[in-house]
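Biologist: I'm new to this one. Can you take me through it, and tell me what each label rests on?

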Amino acid sequence: MADILRAVKGMNDILPAGVPRTDRLPDSALWSWFETTVREVLGRYGYQYVVTPIVEPTALFVRGLGEVTDIVEKEMYSFTDAMNGDQLTLRPEATAGIVRAMVEHNALYNGPLRLWTLGPMFRHERPQKGRYRQFHQLDVEALGFAGPDVDAEMILMLRALWRALGLEIGRHVRLELNSLGQPAERLAHRAALIAHFEAHAGQLDEDARRRLHSNPLRILDSKNPAMQALVEAAPQLGDFLGAESRAHFDALRAVLDAAGLEYRINPRLVRGMDYYNLTVFEWVTDQLGSQGTVCGGGRYDGLFEQLGGKPSPAVGFGLGIERLLLLLQELKVAQPASAPAVYAVLPSAAALPCAMAVLETLRAAGIAVLMHAGGGGMKAQFKRAGASGARYALIFGDDELARGEVALKDLRDAAAVQRSLPLAGAAAWAADLAKA
């Protein structure tokens, strides 16, 4: 007997409900509900769907994310194409690929765009709850918009998404904000950070020493408890912001205040990617242990030019889907039932042609129908009908068919009387069932 082949470590299957599994990953019904909710909410704000390749040139991420970021240095799945020698990478994030596509196709020629995509990303890191080597992200980008109004709109759109998913703002998720200012302001802050940490070089851990001159801003994101006092004492970027950067941040806050959205200004909120400026934000939770960030984003006005395009302002966010669905599971957030409306019971194979025609009529009327397949006695079929969650059973018995009828039984109301419906009038009573 051949050995069983298993999935690559840190890359998981998304399976239907009821399939036995050893992990706690969400089933496909929860994924489907999430995706449907995303499409509905983002559609209300005018965002359009876009798809970019999973494999991109390695240079895209080296140039876009920065050579000294953890992603480029340690986490990317990069390889040489054996057919032509091209250097390629499985995308570790979506923003750089979307901007590459917009530059390549001159997509902003006719004006700004609001875009979103959803799909797998890849990073080689230690798999753990809420963090996987193949993970999935919702990525949303507003391209060509310079003002804080779109920053605010994007954050409020996330509030609408949380509400649609049943999450309570302040209780289940909360918002943190900061401003990274403009490049010149960040350079001045960077110099001050280096001076601060050089003065306390003996307290730096290995990661901090490695980042000191290449990416000192990331030291502020250290989770090492031994370094927290040193990080807290570091110069704050807010002290280096100029008038325009402060005005942008104040205008963003004014919109959020008027909308009644509570937030916390977190001066230590930074981004590992080189392309961020001005607004940065995160939605965080206390419900998932150390994996507390559910969604993060901000403004990246320099990325278009960095990737060879014309200078174009942009703002966006990425949302880790596995982590969010784990949060929904943890909180036992109710989701709409995905059960069929009708379960078809077929006592004999002879009923199949007639039953199939009726069921197609119901489906054409928008009714979800699950047909029992593979035979089995009436008792076993009714047991499966009840377990399916269906409201009704349609029974294609020999006696009913001989009379040109089908029996309709309410599976959720034991007191309801079983009815007979005419086969010839299926379209009419299907429309009534669809309204029920």
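Biologist: What makes you call helix α11 mostly covered?

Modeller: First, bear in mind that this is a predicted model. A residue counts as buried when its relative accessible area is under 20%. In α11, which spans residues 321-330, eight of the 10 residues are buried, so "mostly covered" is the label. The buried ones are I321, E322, R323, L324, L325, L326, L327 and L328.

Biologist: What covers the buried residues of α11?

Modeller: The cover includes two helices, α1 (28-44) and α5 (148-165). It also includes the strands β5 (113-122), β6 (134-143), β10 (293-299) and β11 (314-320). Just after α11 comes K332, with a positive phi of about 55 degrees.

Biologist: And how much of the protein chain is buried?

Modeller: Buried residues make up 47% of its 436 residues. The chain has 15 helices and 16 strands, and its C-alpha atoms fill a box of roughly 90 × 60 × 45 Å along the principal axes.

Biologist: Why is α12 called oblique to α15?

Modeller: The axes of α12 and α15 (residues 426-435) cross at roughly 45 degrees and come within 9 Å. Angles under 35 degrees would count as roughly parallel, and 65 to 115 as roughly perpendicular. The crossing of α12 and α15 fits neither, which makes the pair oblique. The crossing is right-handed.

Biologist: Which residues meet there?

Modeller: From α12, V358, T361 and L362; from α15, A426, A427, W429, A430 and L433. By class, that contact has seven nonpolar residues, one polar and no charged ones.

Biologist: What makes the sheet with β12 in it an open one, and in what order do the strands come?

Modeller: Five strands form the open sheet, in the order β13-β12-β14-β15-β16, with mixed pairing. At the edges are β13 (369-371) and β16 (419-422), each pairing on one side only. From one strand to the next, the twist averages 30 degrees.

Biologist: How do you know that β15 and β16 pair?

Modeller: Two strands pair if there are at least two bridges between them. β15 (residues 405-410) and β16 have four, in the antiparallel sense, so they pair. In that pairing L408 stands opposite R419 of β16.

Biologist: Which helices pack on that sheet?

Modeller: Helix α12 (residues 352-364) does, touching β12 (342-345), β13 and β14 (392-395). Its direction makes about 165 degrees with that of β13. An angle over 145 counts as roughly antiparallel, so α12 and β13 are roughly antiparallel. Helix α13 (residues 378-387) lies across β12, β14 and β15. It runs at about 170 degrees to β12, so those two are roughly antiparallel as well.

Biologist: What makes β2 and β4 a pair?

Modeller: Three bridges join β2 (residues 55-57) to β4 (residues 87-90), and at least two are needed, so they pair. The two strands run antiparallel, with E56 opposite T89 in β4.

Biologist: How many bridges link β3 and β4?

Modeller: Four, with β3 (residues 77-80) and β4 in the antiparallel sense. Y77 has L90 of β4 as its bridge partner. Six residues lie between the strands of this hairpin, and G85 takes a positive phi near 80 degrees.

Definitions and conventions
Residues numbered from 1 in each chain as written. Predicted model: local features only at pLDDT ≥ 70, side-chain atom pairs only at ≥ 80, totals over all residues. Heavy atoms only, no water. Axes fitted to C-alpha atoms, helices over the stretch in contact; angles between N-to-C directions. Contact = heavy atoms within 4.5 Å. Buried < 20%, exposed > 50% of the residue type's maximum accessible area, 1.4 Å probe, protein only. Left-handed = near helix turned anticlockwise from the far one by under 90°. Nonpolar A, V, L, I, M, F, W, Y, C, P; charged D, E, K, R; others polar.
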